[in-house]
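Here are some exercises to work through with the model open beside you. Try each task before reading its solution.

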Amino acid sequence: MGKIKQNPFVKKVGFNRIVLCFVLILLYGFFCVMTQGTFAGIDRILSALNYAYFLGFLSLGVTFVIATGGIDFSIGPVMFCCALVSGYSLISYGVPMAAAMVISLIVGLAFGIFNGYLVAYWSVPSFITSMASMNIAKGLASVFTKTQSVSWPQSAAEGGWYRNLVKMGDIPTGLIIFLLVAVVCAIVLNKTKMGRYILSLGSNKEAVRLSGVNVKKWEMSAYIICGVLVGISALFYVSAYTTVQPGYGDQYNNEAIAGCVMGGTSMAGGLASISGTVIGVFIIALLQEGILALGFTKDYQLIITGIIVIVAVFSDVLSRRRKN
Amino acid sequence: MADNKTKVAGRKESTIDRLGGQKFIVLLVVIALFIFFCIFSPNFRKYTTFVSILDYSYYITLMAIGVAFPLMTAGVDLSIGTGLVCYSLVGGYLITFHGWPTWAGMLISVLFGVGMGVVNGCLVALMDLPPFLATLCTCMITRGLGSIIVGGFGISWPAAAAPGGWFRSIFKIQMNGINIPIGFLWIILIVIAMTFVLNHTKIGRYTLAIGSNKEATKLSGVNVKFYHIFAYVISGFFAGLAAISYSAIFATVQPGTGAGFELEAIGGAIIGGVSMSGGAGSITGTLAGVFVICLLKTGLPFIGLTANWQQIITGLVLIAAVLVDILKRKKDRA
Amino acid sequence: MGEVILTMKDIDKSFPGVHALDHVDLEVRKGEVLALMGENGAGKSTLMKVLTGIYKKDSGTITYEGKEVEFTNTREAQDAGIVIVHQELNMLGHLTVAQNIFIGREFKKGIRIDDKKMNEEARKLFQRMNIDIDPKETMSKLTVGKQQMCEIAKAISHDAKVIIFDEPSAALTETEIEELFKIIRDLRDRNIGIVYISHRMDEIKKITDRVTVMRDGTYVGTLITKDSTKDDIINMMVGRVIYEDPKTESMVPKDAPVVLKVDHLNAGKMVQDVSFELHKGEILGFSGLMGAGRTETARALFGADPIDSGDIYINGKKVTINSPQDAVNNGIGYLSEDRKRYGIVVQKSVAENTTMATMENYMKGLFIDKKKEKEVAQKYVDSLATKTPDVDQLVVNLSGGNQQKVVIAKWLTRDCDILIFDEPTRGIDVGAKSEIYKLMNQLAADGKAIIMISSEMTEILRMSDRIIVMCEGKKTGELDISEATQESIMNLATREIE
């Protein structure tokens, strides 16, 4: 074991990430075998990918927040709120498609600013702001849409071009965009001042503050990044599924957080891996798809995701205990 | 060591402090809200409205009393809302589909709650998971579990007139066609009992001690893990009781609901003066805080705002309550 | 002097990277006060933590009342009759005094906690100790000194056979110390074995019967107090280094310009009307007891805590400091007393910590120029002789002294003219200590102005050009090094203020 970890290739890529890749492959194999091969079809893969896109953006967003040592479990409902508000504007107020997409981003951004401002400038615990935003997002979406579900246009309809976000002909544009955004996120997190400060303040906020750094600004910026990514996520959700219903979205919180912590981002803050999150998201998306393929209901998804988060966070706790 | 730990004695007590501090202010808010709704809505000024406020208050109050304990250990329990629905579903399922007597179904609801409390407690106290994350997971798990056990359908506990429907009269009895909300009597008794537990028993003392300074409590030889777990058990137990009251008040329980109830309970507790940072709180304050939430919940529709608005306003009220707590601590430190 | 009640033999304990205890021996007898002495970091507290089960020993034996014992937690030690009065206060701020004293062993009446009896017992306890504290008062409302007394009361109430005092006097005023000694003598007369950990030589002479000395985690020897002189003890404590090496006169030229002037600074209750000046090339020592408000003054000056009123002038120009950012922009650097919490980001590398305050110098457009960052970090590793395998090493893996050097490097990259060193050598071993001293002297010689907060008298006397003494949030005196003595400083530090 120790020897494997010392191997230069393993060291460069990261032991955890290699393990995660194996898990991904094994999981895929498992589902293929269990479903007697029906899972191997391209439809299933595309379906899993559709799931992975919007979940991926949520997960990338929450990675930044968790890196600061905070949490955001309003992302699911906020994503729905973005999709509903922009979609309702599109359908009922005749806002052009491009503007509707901007509205989605703006709603996400607004929630990011709200959460970030309360956490960074008022030291409100992040789980409280999450809880409040979650309800505000649900309420707002319901009020705005008068509690009706919203259907975005189909591909062939006017303004349906937005669905090219996930798939343009046979090109999986969604995958390309998601990976590009992930690369940008990785660069922001690891190569820029913002990323450096986000990670450092997640590790020891007071020490960073006493170095003369404006920690409040940087902490808030993590939530803002998260908010914008949630806004993007909403667009990918509607591109894949077109219909959104108010009052839902909670289950994606846990799935996004699961992808993130599985990928090696520590709940204690200061440690985050974008590539880990990406692989983690694929595992979660595959798992959700697989559970349904095996004939189980959504309820099993909830339970299994819950257990995965517990196990992933506990292993992080254990590794920190060992270090101390 | 750190000089800044010092505090100089003798902050002058204000009149409000002497009257019970935040509790007193919250009580004023409750009265003000009540008067506000009475003035602006003629329909609100009715006995039936009063009863329906109390109907809503039972399960929120019970959850809030329970969740006050994890909050006072500087933790939180987010699983109580979906938990409530899950326990109610399971109890009701056994009664309606398996012919269990009502009391047995009620017992199962409570025991299930206690069981989830043990799980939450172990995740937090033994496995060191962040409380909000651990209970967020169990929140999702109970939601799925409830739905799976009952097969995804809504469950109705026996109606008041039906055999086994006696439990509904625990909370409401009819006399000469008038509903009498006797449930409130039980709530008062429970508040008194839990105030005693909080202030005069080891369980309460150590709950506060853990929230105040866990390490020091441990060094004093207290079995911190046990009492830390116990706080979550109390929370689960009360979620179980809340499940019974919920089943008694409402006709049908739907799987997949319950998310958001915890916000109302936690909001009530915090408004009532339970400190987010642990170590301080009161049960009577929690009761008063819950009534702020209940009044908003029942009152807002009367002035033309839908339940959706209530969700938004509850969120904002929670933030406001936490900000008050934060400002208070800031002032105390200065 | 009675029979032996407790023997610790060959105790060995290592932490990652530190050999904290190297085969240490200790013997406590009934009815005596044993002093346990040694420099900071000599291993006294660690030894006591091993005894009371907070740490698990690697090897060695503990014999108590003739039987070999091994406690796995403080509760077991307490139940056996060994209690410790901790250096850090372990109080539960929200609970009352009596509730604190009896936490974990409350009196009960049925299932009810008998608070009335607890208050009564606490009152009796305080009466016996002859101190005036209301058992019903909320703990956080007491002064530090009173809180310490409660800790002691708690220890006494355990019916202990061995009581360990871990630097109990650090936060106490002179009258409180007298009270404490009376209590200790009373305990001794009741045949209790007492271990008294302290740095203060006069206290050792006054109260103890024997002195056991430790140095760098090893046992040095034991002396009978009345048969030995102060120098004997000091020689054992320091070994090779000359301990007392005070500066005799200020190294600062008379006409050195004032770089920092603080005028009537108020910040909270711990900083009241503090005024002073700091000159170029000067090391200004801040002395005082724990809780005197020195750290608070520094933090307010640095913008870490809000200022209520008062003016700050830098190079004659009035400046506004509302945040650490403002302070840093005005050329002030702050090295915190609590490195782990406020100084370093332990999970980050040496390089990342070094550049923390000066990120903008290492940017290439939007991106961090990691090559340049490492070069600069390496430069400071070389010039400060920081012991680290490379600059990518996580700071958590360095020793205390080297961590401190990383923090110093952080401020040097910023080229700060004013540096505040808060307890610069706390938790640092003797060798690294003198290196830090050398470095500070070098910085002063290069024209930096230094404020040094220190609780170690010898450090104050050895390093400072001028000394400011604080007590209970107020400045009580200012001494030139040529006129300062331990006595004159202590006098000012314990002065009662009306």
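The exercises below go from a whole chain to a contact between chains, then to strands and single residues.

This is a predicted model, in which local features need pLDDT of at least 70, side-chain atom pairs count only at pLDDT 80 or more, and totals for chains, interfaces and linings use all residues. Residues are numbered from 1 along each chain as its sequence is written, while chains are lettered from A and ligands numbered from 1 in the order in which they are written.

**Exercise 1. Work out how compact chain A is for its 324 residues.**

Step 1: Start with the elements, where helices (H or I, at least four residues) and strands (E, at least two) are DSSP runs numbered from the N terminus. Chain A has 13 helices and 2 strands.

Step 2: Apply the globule rule, 2.2 Å times the number of residues to the power 0.38, to a radius of gyration taken over C-alpha atoms. Chain A has a radius of gyration of 20 Å, close to the 20 Å from the rule, so it is as compact as a globular protein of that length.

Step 3: Add the box and the burial. Along the principal axes, the C-alpha atoms of chain A fill roughly 55 × 55 × 30 Å. A residue is buried if 20 or more other C-beta atoms lie within 10 Å of its own, exposed if 12 or fewer, and partly exposed in between, with C-beta atoms placed from the backbone. In chain A, buried residues make up 58% of the 324.

**Exercise 2. Describe the side of chain B that touches chain C.**

Step 1: Two residues are in contact if their C-beta atoms, placed from the backbone, lie within 7 Å. The contact takes 25 residues from chain B and 33 residues from chain C.

Step 2: On the chain B side, α8 (202–212) and α9 (214–219) each supply at least two residues, and α8(B) gives the most, with 5 residues.

Step 3: Sort by class: Ala, Val, Leu, Ile, Met, Phe, Trp, Tyr, Cys and Pro count as nonpolar, Asp, Glu, Lys and Arg as charged, and the others, Gly among them, as polar. This side of chain B has 11 nonpolar, 10 polar and 4 charged residues.

**Exercise 3. Place strand β9 (residues 162–166) of chain C in its surroundings.**

Step 1: 5 of the 5 residues of β9(C) are buried, so the strand is largely enclosed by the rest of the structure.

Step 2: In a regular strand, side chains alternate between the two faces of the sheet. C:Val162, C:Ile164 and C:Asp166 point one way, and C:Ile163 and C:Phe165 the other.

Step 3: Strands pair if DSSP finds at least two bridges between them. β9(C) pairs in the parallel sense with β6(C) (residues 82–85) over 4 bridges, where C:Val83 stands opposite C:Ile163. β9(C) also pairs in the parallel sense with β10(C) (residues 193–197) over 5 bridges, and there C:Phe165 stands opposite C:Tyr196.

**Exercise 4. Find the surroundings of C:Asp273 and C:Asp415, each with a positive phi.**

Step 1: Most residues other than glycine have a negative phi. C:Asp273 has a phi of about 55°, and C:Asp415 one of about 60°.

Step 2: C:Asp273 is in strand β14 (residues 271–279) of chain C and counts as partly exposed because it has 13 C-beta neighbours inside 10 Å. C:Asp415 is in the loop between α14 (400–413) and β21 (418–422) of chain C, and its 10 C-beta neighbours inside 10 Å make it exposed.
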